[in-house]
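User: Hi! I'd like to learn how to read the packing in a protein model, feature by feature. Could you walk me through this one?

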Amino acid sequence: MPPVIALPDRAALLLDLDGTLIEFAPTPDAVIIPPDLLVSLQRLRQRLNNAVAVVTGRPIAQVDALLGDAPYAVAGEHGTAIRHHPQAAICPVALPALPKDWAGRAQAAAAAHPGALYEPKAHGFVLHFRRAPEAGPALQAAATEIVAAHPDFMLMPANMAWEVKPRAADKGEAVRALMAQPPFAGRVPVYIGDDVTDEDGIRAAQALGGLGLRMQDAFGSPAAVRAWLAANG
Ligand SMILES: [Mg+2]
């Protein structure tokens, strides 16, 4: 059993979504949101003066569709876009435009492997191979070749996927931007994530005097994270 984590006084919660609050599904749009998760997030908002954010690789519109207004703030696409409160406009970070031929090339790379999935994003793309595990190395090679010519973009390993994203944005930037504004400012950040992209968020929370927790080490499963949220809400 992992040690029990005490929620600090005056905490602010910064939570990754996929693989942290919810289990992975065969495709990104097939995830299931347990109703008790939404209840826990709402209750934690009340307890923490609304200092509850989701920090994810997904676009903010997808988070809205999945979670509604349960989180108070949302950082989407790995810090590329931040909405500081439910009625706020989405603040885009200034980012390089995606080269025009990349979508077609990435789509073609995925199409060569039955089960592989191309997911477009506003400032990048993802090649998923959860349903075609043997295609992982070939898709990595294709994505590497695509990004090689453009130093403003980078290739990131994700969960059964390869993601191309702008170098400027990461979840650490998102944590710093959220913690700089009410209702997060002055609180103790508690970041929970499961993936390589969460390491920037974990480090940022620790650097701000808070807790940066890897889901696998601190909780062991998304269900255990949800149980912890429920116990603290
Ligand atoms: Mg995750």
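User: At what angle do α1 and α8 pack, and how far apart are their axes?

Analyst: Happy to help. Before the answer, a word on the source: this is a predicted model, in which local features need pLDDT of at least 70, side-chain atom pairs count only at pLDDT 80 or more, and totals for chains, interfaces and linings use all residues. Residues are numbered from 1 along each chain as its sequence is written. Helices (H or I, at least four residues) and strands (E, at least two) are DSSP runs, numbered from the N terminus.

Two packed helices are described by the angle between their axes and the distance between the axes. Here, α1 and α8 pack at an angle of about 40°, with their axes 8 Å apart. Axes are lines fitted to C-alpha atoms, for helices over the stretch in contact, and angles run from 0 to 180 degrees between N-to-C directions. That makes α1 oblique to α8; angles under 35 degrees count as roughly parallel, over 145 as roughly antiparallel, 65 to 115 as roughly perpendicular and the rest as oblique. The contact is made by Asp36, Leu37, Ser40 and Leu44 of α1 and Arg226, Leu229, Ala230 and Asn232 of α8, where two residues are in contact if their C-beta atoms, placed from the backbone, lie within 7 Å.

User: What is the handedness of the crossing of α1 and α8?

Analyst: The crossing of these two helices is left-handed. A crossing is left-handed if the near helix is turned anticlockwise from the far one by less than a right angle, and right-handed if clockwise.

User: Which residues of helix α8 are buried, and what do they pack against?

Analyst: A residue is buried if 20 or more other C-beta atoms lie within 10 Å of its own, exposed if 12 or fewer, and partly exposed in between, with C-beta atoms placed from the backbone. In α8 (residues 222-232), the buried residues are Pro222, Val225 and Leu229. They cover an arc of only 55° around the axis, which puts them on the same side of α8; the arc is that of the directions from the helix axis to the C-beta atoms. These buried residues pack against α1 (35-47), β10 (188-193) and α7 (215-218).

User: How do I read a sheet, and in what order do the strands of the four-stranded one come?

Analyst: Strands of a sheet pair through backbone hydrogen bonds, either parallel or antiparallel. Two strands pair if DSSP finds at least two bridges between them. The four strands form an open sheet in the order β6-β7-β9-β8, with antiparallel pairing. β6 and β8 (153-158) stand at the edges, each with a single partner strand, so one side of each is left without a neighbour in the sheet. From one strand to the next, the twist averages 20°.

User: How many bridges join β6 to β7, and how many join β8 to β9?

Analyst: Five bridges join β6 (residues 117-121) to β7 (residues 124-128), and these strands form a hairpin with two residues between them. Within that pair, Glu119 stands opposite Val126 in β7. Six bridges join β8 to β9 (residues 161-166), and Met154 has Lys165 of β9 as its bridge partner.

User: Which helices lie across these strands?

Analyst: α3 lies across β6 and β7, running at about 5° to β7. α4 lies across β7, β8 and β9, at about 15° to β9. The axes of α3 (residues 102-111) and α4 (residues 136-147) come within 10 Å and cross at roughly 165°, and the two are therefore roughly antiparallel to each other. Their crossing is right-handed.

User: Which residues of α3 are buried, and which are exposed on its other side?

Analyst: Ala106, Ala109 and Ala110 are buried. Seen down the axis of α3, its buried residues fall within an arc of 95°, so they line one face of the helix. They pack against β6, β7 and α4. On the other side of α3, Gly104, Ala108 and Ala111 are exposed.

User: What is the strand order in the sheet of seven strands?

Analyst: That open sheet has the order β5-β4-β3-β2-β1-β10-β11, with mixed pairing. The edge strands are β5 (91-92) and β11 (211-214), each pairing on one side only. As a parallel example, β1 (residues 11-15) is joined to β10 by five bridges, and Leu15 has Ile192 as its bridge partner in β10.
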